[in-house]
Amino acid sequence: MINPAAIMAAPFAAAALAMPATSPVTAADLWREGVHLEWWELSDLLQECTGWTIKPGHCPDDPDEVGHWLIDPSGDPEGEIWPGPDIDDVENYVGWRIDEALDSLDS
């Protein structure tokens, strides 16, 4: 006797086996394509490329003001906090460093 479930599942099983393997998309891939990264994605990419990180925090003068600290490889904050929940200014400040590091990896 023929199993109807097996007949219906056969095309799906064949299609699943024929699909090529893909590598996961990384933050570096997204950066190269100009995709806006979340702060933690930008921080991970920055750390991979330079050893620096980004950490959210509060402004010392105004505890209600949220911002982001740029943290050097030794764990010390660089300068003043970047105010606001957006990381656009931080991204513009560190972007060329990420670009340089990624370009050197591609070479």
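This report walks through a predicted model of a protein chain, from its overall fold down to a handful of residues.

**The overall picture**

Let's start with the big parts. The protein chain has four helices and three strands. If you follow the sequence along, the order is α-α-α-β-β-β-α. The chain is 107 residues in length, and 26% of them count as buried. About 7600 Å² of the protein chain is exposed, with carbon and sulfur atoms supplying 58% of that area. As for contacts between residues at least 6 apart in sequence, 28% of them link residues at least 24 apart.

**Helix 3 against helix 4**

Two packed helices are described by the angle between their axes and the distance between the axes. Here, the pair to look at is helix 3, residues 39-50, and helix 4, residues 88-106. Their axes come within 9 Å and cross at roughly 45 degrees. That angle is why helix 3 counts as oblique to helix 4. As for handedness, the crossing of helix 3 and helix 4 is left-handed.

Which residues make the contact? On the helix 3 side they are L42, L45, L46, C49 and T50, and on the helix 4 side E91, V94, R97, I98, A101 and L102. Sorted by type, the residues of this contact of helix 3 with helix 4 come out as eight nonpolar, one polar and two charged.

**L37, in the loop before helix 3**

L37 is in the loop between helix 2 (27-32) and helix 3. Is L37 buried or exposed? With a relative accessible area of 1%, L37 is under the 20% cut-off and therefore counts as buried. Leaving out its neighbours within four places in sequence, L37 is in contact with A27, L30, W31, L42, L45, I87 and E91. Among these partners, L42, L45 and E91 also belong to the contact of helix 3 with helix 4.

**Strand 2 and its surroundings**

Next come two residues of strand 2, which spans residues 66-71: H68 and W69. H68 is buried, at 4% relative accessibility. Setting aside neighbours within four places in sequence, H68 is in contact with W39, I54, K55, P56, I81, W82, G84, P85, D86, I87 and V90. I87 is thus a contact partner of H68 and of L37.

W69 is buried as well, with a relative accessible area of 17%. Not counting residues up to four places away in sequence, W69 touches T53, I54, K55, G57, H58, P60, P77, G79, E80 and I81.

What about P60? This proline is in the loop between strand 1 (53-58) and strand 2. With a relative accessible area of 62%, P60 is over the 50% cut-off and so counts as exposed. Apart from neighbours within four places in sequence, P60 is in contact with W69 and I81.

**Pairs brought together in space**

The table lists C-alpha separations for three pairs.

| Pair | Apart along the chain | C-alpha to C-alpha |
|---|---|---|
| L37 and I87 | 50 residues | 8.9 Å |
| W69 and P56 | 13 residues | 6.1 Å |
| P60 and E80 | 20 residues | 9.4 Å |

To tie it up, I87 sits 8.9 Å from L37, C-alpha to C-alpha, and the contacts of L37 include I87. On the strand side, W69 touches P60, with W69 buried and P60 exposed.

Methods:
Residues are numbered from 1 along each chain as its sequence is written. This is a predicted model: local features need pLDDT of at least 70, side-chain atom pairs count only at pLDDT 80 or more; totals for chains, interfaces and linings use all residues. Side-chain values use heavy atoms; hydrogens and water are left out. Buried means under 20% relative accessible area, exposed over 50%, partly exposed in between (1.4 Å probe, protein chains only). Contact means heavy atoms within 4.5 Å. Accessible areas come from the Shrake-Rupley method with a 1.4 Å probe; for residues, only the protein chains shown count as cover. Axes are lines fitted to C-alpha atoms, for helices over the stretch in contact, and angles run from 0 to 180 degrees between N-to-C directions. Angles under 35 degrees count as roughly parallel, over 145 as roughly antiparallel, 65 to 115 as roughly perpendicular and the rest as oblique. A crossing is left-handed if the near helix is turned anticlockwise from the far one by less than a right angle, and right-handed if clockwise. Ala, Val, Leu, Ile, Met, Phe, Trp, Tyr, Cys and Pro count as nonpolar, Asp, Glu, Lys and Arg as charged, and the others, Gly among them, as polar.
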